[in-house]
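Here's a quick tour of one protein, taken a few residues at a time. Keep the picture open while you read, and try to find each spot as it comes up.

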Amino acid sequence: MGDLKYLLPILVAVVLVWITYLIINFVATIIKTKKKDDTMVCGVNMQGKVFYGVLIVIYLVLFVYCVYFMITHLLSGDVDSVYLPLNILTIYSFVFYLMIQWIIYFGHRQVLIGRVLFDYRKIKRVTYPKKTKLRFTYGQKTLETYIRFIDDSILKKSLQRTR
């Protein structure tokens with residue numbers, strides 16, 4: 001049982017590093033795609049910009065505070081105080097990563113949903129099963145994404161190219 005006490009935080013730290021890598025990779029994908037295609041525009045509406053702005057600020061403050069708190073307590077020898085900020089940061093990082101996957105960038109010929117770049121010419125059968133969901137067929141697969149914070153006018157205008 002004593003070994004599990006030291007093994008579990010290491011596993012949680014590995015998960016945190018992996019999720020942080022995914023977040024950095026997501027941001028790098030957006031930057032790389034915007035460099036390739038200058039016409040890429042963020043499709044988030046004003047409510048979404050406020051929501052994601054607050055989400056990013058909370059994530060950055062929480063990240064800096066938790067890392068500082070963990071380092072200071074590790075250096076002082078208080079290992080038990082490291083578990084709570086590590087768990088909080090890991091859970092919030094996971095939720096943050098899931099939420100930023102809903103950001104959609106629209107370009108002249110392509111759309112970036114999450115980390116995947118789709119060509120408008122290959123998108124077929126666009127439906128809206130709910131007000132906050134978009135379902136479309138790309139090639140042979142039916143995919144679905146949330147559009148809660150996406151500007152409807154930009155979305156409808158860009159998806160007109162699929163017809």
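Before we count anything, one term: a residue is called buried when its relative accessible area is under 20%, and exposed when that value is over 50%. By that yardstick, buried residues make up 38% of the 163 residues in this protein. Bear in mind that you're looking at a predicted model.

**The big picture**

- The protein has 4 helices and 7 strands.
- Reading from the N terminus, you meet the elements in the order α-β-α-α-β-β-β-β-β-β-α.
- What would the radius of gyration be for a compact globule of 163 residues, and what does this protein have? The globule would come out near 15 Å, while the protein has 20 Å.
- Measure along the principal axes and the C-alpha trace spans about 65 × 30 × 30 Å.
- Take the contacts with a separation of 6 or more: 58% of them link residues 24 or more positions apart.

**Surface and charge**

- About 10600 Å² of the protein is exposed, and carbon and sulfur atoms supply 66% of that area.
- There are 22 positive side chains and 9 negative ones.
- The centres of those two sets of charges lie 13 Å apart.

**Asp37, in a loop**

- You'll find Asp37 in the loop that runs between helix H1 (2-36) and strand E1 (41-42).
- Is Asp37 buried or exposed? Its relative accessible area is 17%, so Asp37 counts as buried.
- The side chain of Asp37 makes a polar contact of 2.6 Å with the side chain of Thr39.
- Skip the neighbours within four places in sequence, and Asp37 is in contact with Gly107, His108 and Gln110.
- His108 is worth picking out: it sits 71 residues from Asp37 along the chain, yet their C-alpha atoms are separated by 8.3 Å.

**Ser93, in a helix**

- Ser93 belongs to helix H3, which covers residues 83-100.
- With a relative accessible area of 0%, Ser93 is buried.
- Who touches Ser93, not counting residues up to four places away in sequence? The answer is Leu16, Ile19, Ile23 and Tyr59.

**Leu112 and Phe118, in strands**

- Leu112 is part of strand E3 (residues 110-113), and Phe118 is part of strand E4 (residues 116-119).
- Both are buried: Leu112 has 3% relative accessibility, and Phe118 has a relative accessible area of 7%.
- Beyond its neighbours within four places in sequence, Leu112 is in contact with Ile30, Thr33, Met40, Ile103, Ile104, Tyr105 and Leu117.
- Leu112 and Ile100 are 12 residues apart in sequence, and their C-alpha atoms are 12 Å apart in space.
- Leaving out the neighbours within four places again, Phe118 has contacts that include Arg109, Val111, Ile123, Phe136 and Leu143.
- From Phe118 to Gly107 you go 11 residues along the chain, and the C-alpha atoms are separated by 10.0 Å.

**Lys133 and its partner**

- Lys133 lies in strand E6, which covers residues 133-138.
- Lys133 is charged, as Lys counts as positive, and it is also buried, with a relative accessible area of 15%.
- Which side chain makes a polar contact with the side chain of Lys133? That's Glu144, at 3.1 Å.
- Glu144 also turns up among the contacts of Lys133 outside its neighbours within four places in sequence, along with Thr127, Tyr128, Thr145, Tyr146 and Ile147.

**Arg125, an odd backbone angle**

- Look for Arg125 in strand E5 (residues 123-127).
- Arg125 is exposed, with a relative accessible area of 65%.
- Arg125 has a positive phi of about 45°, although it isn't a glycine.
- Why bother pointing that out? Because most residues other than glycine have a negative phi.

Technical notes:
Residues numbered from 1 in each chain as written. Predicted model: local features only at pLDDT ≥ 70, side-chain atom pairs only at ≥ 80, totals over all residues. Heavy atoms only, no water. Helix = DSSP H or I, 4+ residues; strand = E, 2+ residues; numbered from the N terminus. Buried < 20%, exposed > 50% of the residue type's maximum accessible area, 1.4 Å probe, protein only. Polar contact = N/O pair within 3.5 Å; in protein donor to acceptor, adjacent residues only side chain to side chain. Contact = heavy atoms within 4.5 Å. Rg over C-alpha atoms; globule rule 2.2 N^0.38 Å. Areas by Shrake-Rupley, 256 points an atom, 1.4 Å probe, with all protein chains shown as cover. Charge placed at Lys NZ, Arg CZ, Asp CG, Glu CD.
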